[in-house]
Amino acid sequence: MPDRPTQILEAAARLIARRGVRGLRVEEVSAEAAVSTALIYYHFKDRAGLLRRTLEFISRRAVRYTDAALESSDDPREQLTEMLLLELQDSPQVRENSAAWGELRASAVFDPDLRELLAEATREWVDDLAGLLRRAQGAGPDGAEADPYAAAERLTALVEGLSERWLSGTTSLQRAHELLRGAVATELRPV
């Protein structure tokens, strides 16, 4: 059984994924986690603290399931493709993470504190992918290298957009995977 803070963060992620952030109340999280509201305030100080820690929680959880791509192959191209595809899986945890991430991203438009945390989490994700892209790209035919950071920004933005389309039912998971594979191939094409 997870410790109390983890139990609370899991409950918050579930509620955000199901109903969004804007109406989220600490009392609902306490009922979902089967803990007192006082315990939530003890561990997270306030609702804003709970949201910040939930964002960190879902980011760490995503790293755990996407890092499996690094173990699946030694080829950085395959690692990169698999890492991005693992962001779009039809599993309850990935669906929940994707929905919660999208809700937190939408709420960050109106919440400067959340915006900073989201920007930091996104930078870390982009940095990780840029490192893989750097290894996968190598130099182009004329010795020039494509900008791996810009490519990582494009790919992460695409994953976020495809995730929203997949979760909303406007794009199938299969089509999202096809589009993502095509984008990776385009980004890895020699300059």
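The chat below goes through a predicted model, from its core to its salt bridges, its surface and a few single residues.

Trainee: What do I need to know about the model before reading any values?
Mentor: This is a predicted model, where local features need pLDDT of at least 70 and side-chain atom pairs count only at pLDDT 80 or more, while totals for chains, interfaces and linings use all residues. Residues are numbered from 1 along each chain as its sequence is written, and side-chain values use heavy atoms, with hydrogens and water left out.

Trainee: Let's start inside. Which residues touch the most other members of the largest nonpolar core?
Mentor: Ile-8, Val-29, Ile-40, Leu-50, Leu-55, Ile-58 and Leu-104 do, out of 28 residues in that core. A nonpolar core here is a set of buried Ala, Val, Leu, Ile, Met, Phe, Trp, Tyr and Cys residues joined through side-chain atoms within 4.5 Å. Buried means under 20% relative accessible area, exposed means over 50%, and partly exposed is in between, with a 1.4 Å probe and protein chains only.

Trainee: Which helices each supply at least two residues of this core?
Mentor: They are α1 (4-19), α2 (26-33), α3 (37-44), α4 (47-66), α7 (92-108) and α8. Helix α1 gives the most, with seven residues. The helices are DSSP runs (H or I, at least four residues), numbered from the N terminus.

Trainee: Why would such side chains sit together?
Mentor: In soluble globular proteins, nonpolar side chains tend to be buried together.

Trainee: Changing topic. How many salt bridges does the structure hold?
Mentor: There are 10 salt bridges. The term stands for a side-chain nitrogen of Lys or Arg within 4 Å of a carboxyl oxygen of Asp or Glu.

Trainee: Where does the Glu-32 and Arg-14 pair sit?
Mentor: Glu-32 is in helix α2 and Arg-14 is in helix α1, so this salt bridge ties together parts that are 18 residues apart in sequence. The N to O distance is 2.8 Å. Glu-32 is partly exposed at 27% relative accessible area, and Arg-14 is partly exposed at 28%.

Trainee: Which residues are in the network with that pair?
Mentor: Arg-14, Arg-18 and Glu-32 are joined into one network by salt bridges that share partners.

Trainee: What about Arg-61, is its side chain buried or exposed?
Mentor: Arg-61 counts as buried, at 6% relative accessibility. Its side chain meets that of Glu-96 in a salt bridge of 2.8 Å, N to O. Glu-96 is also buried, at 16%.

Trainee: Which helices does that pair tie together?
Mentor: Arg-61 lies in α4 and Glu-96 in α7, so the pair ties together parts 35 residues apart in sequence.

Trainee: And what does Arg-95 pair with?
Mentor: Arg-95 forms a salt bridge with Asp-90, with the closest N and O atoms 2.7 Å apart. Arg-95 is partly exposed at 33% relative accessibility, whereas Asp-90 is exposed at 55%.

Trainee: Now the outside. Which residues form the negative surface patch?
Mentor: The patch is formed by Glu-56, Asp-67, Glu-71, Glu-120, Glu-124, Asp-127 and Asp-128. Patch residues have over 30% relative accessible area and no salt bridge; like charges are joined within 9 Å, and nonpolar side chains (Val, Leu, Ile, Met, Phe, Trp, Tyr) within 5 Å. Asp and Glu count as negative, Lys and Arg as positive, and His and the chain ends are not counted. The place of a charge is taken as NZ of Lys, CZ of Arg, CG of Asp or CD of Glu. Accessible areas come from the Shrake-Rupley method with a 1.4 Å probe.

Trainee: Which helix gives the largest share of the negative patch?
Mentor: Helix α8 (residues 112-137) does, with four residues. Glu-71 is found in helix α5 (residues 68-72) and is exposed, with a relative accessible area of 72%.

Trainee: What is odd about the backbone at Ala-34?
Mentor: Ala-34 has a positive phi of about 60° although it is not a glycine. Ala-34 sits in the loop between α2 and α3 and counts as exposed, at 62% relative accessibility.

Trainee: And what is phi of Lys-45?
Mentor: Phi of Lys-45 is near 75°, again a positive value in a residue other than glycine. Lys-45 is in the loop between α3 and α4, and is exposed at 67%.

Trainee: Last one. Where is Ala-176?
Mentor: Ala-176 lies in helix α10 (residues 173-187) and is buried, at 0% relative accessibility. The C-alpha atoms of Ala-176 and Val-159 are separated by 8.5 Å, and the two residues are 17 residues apart along the chain.
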